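The following text walks through a protein model with a bound ligand. It begins at the ligand and then turns to the charged pairs of the protein.

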Amino acid sequence: MKSTYKFGTRAIHAGAEPDPSTGAIMTPIFQTSTYVQESPGKNKGYGYARGKNPTREALQKNIAALENGKHCVCFSSGMGATDAVMKLLKPGDEVITGDDLYGGSYRIFTKIFEPYGIKFHFIDLTDASNIEKYINKKTKLIWTETPTNPTMKIVDIEACSAIAKKHQLTLVVDNTFASPYLQNPLDMGADIVMHSVTKYLGGHSDVVMGALITNSDALHEQLYFILNACGANPGPMDSFLVMRGIKTLHVRMERHCHNGRIVAEFLKNHSKIEKVYWPGFPEHPNHAIAKKQMRDFGGMISIVLKKASLEDTFKIASSFHVFSLAESLGGVESLINHPATMTHASIPKAEREKAGVVDNLLRLSVGIEDAEDLINDLKQALA
Ligand SMILES: *Cc1c(COP(=O)(O)O)cnc(C)c1O
């Protein structure tokens with residue numbers, strides 16, 4: 001598989017060699033926990049399936065190719081991947097991260113790793129010049145998400161990378177919202193890219209999985225060691241489903257972006273909407289950076305309803321016919337989510353509201369249905 005092939009070709013072919021025993025074009029699901037050894041320690045490179053599984057390896061090669069990375073390690077969930085990154089650190093270390101994070105990332109940082117002695121600074125990363133104020137001898141890592149969830153702020157990856165390099169910090173970018181189709185943080189100087197594969201990569205709302213991609217042999221070795229030692233490995237069936245999902249990633253993303261634009265523009269002109277968060281608008285405060293580092297603007301949109309109480313917001317959230325009220329995002333089907341009580345409920349109300357996650361905010365994951373049906377559904381729900 002040549003690395004010069006374009007994205008769509010890599011999505012379909014990278015990592016997917018015909019099975020040597022039969023020629024099967026699809027990588028088989030190696031549903032096994034262990035591998036027979038010829039004599040103790042003499043095996044075909046596979047000992048026990050927590051460490052290695054051929055279906056997972058094919059998927060890892062594929063995801064690495066999509067992120068222009070050398071290595072990928074897959075985990076049983078995005079949180080499993082995040083957990084592994086934090087285990088690179090030691091008590092006393094400090095992390096600088098955004099004030100507008102995925103709720104589960106905030107939860108694992110504050111509820112699991114703070115008690116283990118790691119300190120987190122939650123700051124506004126949209127202005128990279130803020131970062132250096134928080135750097136001291138104990139700082140080891142910068143963790144960022146862009147676009148952020150759910151207020152779609154954009155963080156300048158190159159600017160963060162320049163600061164990380166100057167102070168020898170590891171820069172990790174959660175690239176879940178953009179997907180590798182829209183943005184490749186390693187090319188902009190990130191050290192590790194994290195994905196909740198559950199979302200756009202899997203794309204069909206049928207698998208929970210995570211991935212870490214890096215160009216560093218040393219980081220890869222440590223992350224793989226953590227995977228095998230701690231055991232958050234994904235199964236072969238899930239690996240197969242994600243490989244199958246990724247074969248259409250470029251086609252799906254094109255439609256997500258197309259529908260996203262139509263929906264964002266419709267909502268912007270709607271009398272019941274106070275605010276639409278979408279990085280594709282020229283007046284979005286970080287639009288220029290979004291344009292610089294993303295190929296298009298995606299299908300994630302958040303809206304603030306005009307003068308709506310929590311009750312009004314719930315009523316609207318429950319009155320869709322095509323959009324489904326559910327957590328998660330990035331699947332072929334359109335979803336609507338109420339962050340304050342769903343994805344971001346684990347963030348204290350005061351913190352949440354400071355980041356703009358107010359009670360009358362709804363987040364849309366615009367799917368790949370017919371755009372006209374989506375607009376009609378929004379019209380009737382907002383009527
Ligand atoms: C869903 C999500 C995660 C967590 O991933 P899981 O696969 O659900 O464990 C992390 N970051 C972002 C931005 C997400 O949307």
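How far is an oxygen atom of the ligand from a polar backbone atom of Met79? In this predicted model, the distance is 2.9 Å. A polar backbone atom of Gly78 also lies 2.9 Å from an oxygen atom of the ligand. A side chain takes part as well: a polar atom of the Asp174 side chain is placed 2.7 Å from a nitrogen atom of the ligand. On its own the ligand has 380 Å² of accessible area, and the protein covers 92% of this.

The surroundings of the ligand can be described next. The ligand occupies the largest pocket. Around the ligand there are 14 residues, and the closest are Gly78, Asp174, Ser196, Thr198 and Lys199. By residue type, the shell consists of six nonpolar, five polar and three charged residues. Two secondary-structure elements, helix H3 (78-86) and strand S6 (192-196), each contribute at least two residues to this shell.

The charged pairs of the protein are a separate topic. In the whole structure, 14 salt bridges are found. One of the salt bridges joins the side chains of Asp217 and Lys70, with an N to O distance of 2.8 Å. This pair connects distant parts of the chain, as the two residues are 147 residues apart. Asp217 belongs to helix H7 (residues 217-230), whereas Lys70 lies in the loop between helix H2 (54-66) and strand S1 (71-75).

Methods: Residues numbered from 1 in each chain as written. Predicted model: local features only at pLDDT ≥ 70, side-chain atom pairs only at ≥ 80, totals over all residues. Heavy atoms only, no water. Near = heavy atom within 4 Å. Polar contact = N/O pair within 3.5 Å; in protein donor to acceptor, adjacent residues only side chain to side chain. Areas by Shrake-Rupley, 256 points an atom, 1.4 Å probe, with all protein chains shown as cover. 1 Å grid on protein atoms, 1.4 Å probe; cavity = no way out; pocket = protein on both sides within 12 Å on 5 of 7 lines; lining within 4 Å. Sits in = over half its atoms within 2 Å of the grid points. Helix = DSSP H or I, 4+ residues; strand = E, 2+ residues; numbered from the N terminus. Nonpolar A, V, L, I, M, F, W, Y, C, P; charged D, E, K, R; others polar. Salt bridge = Lys/Arg side-chain N within 4 Å of Asp/Glu carboxyl O.
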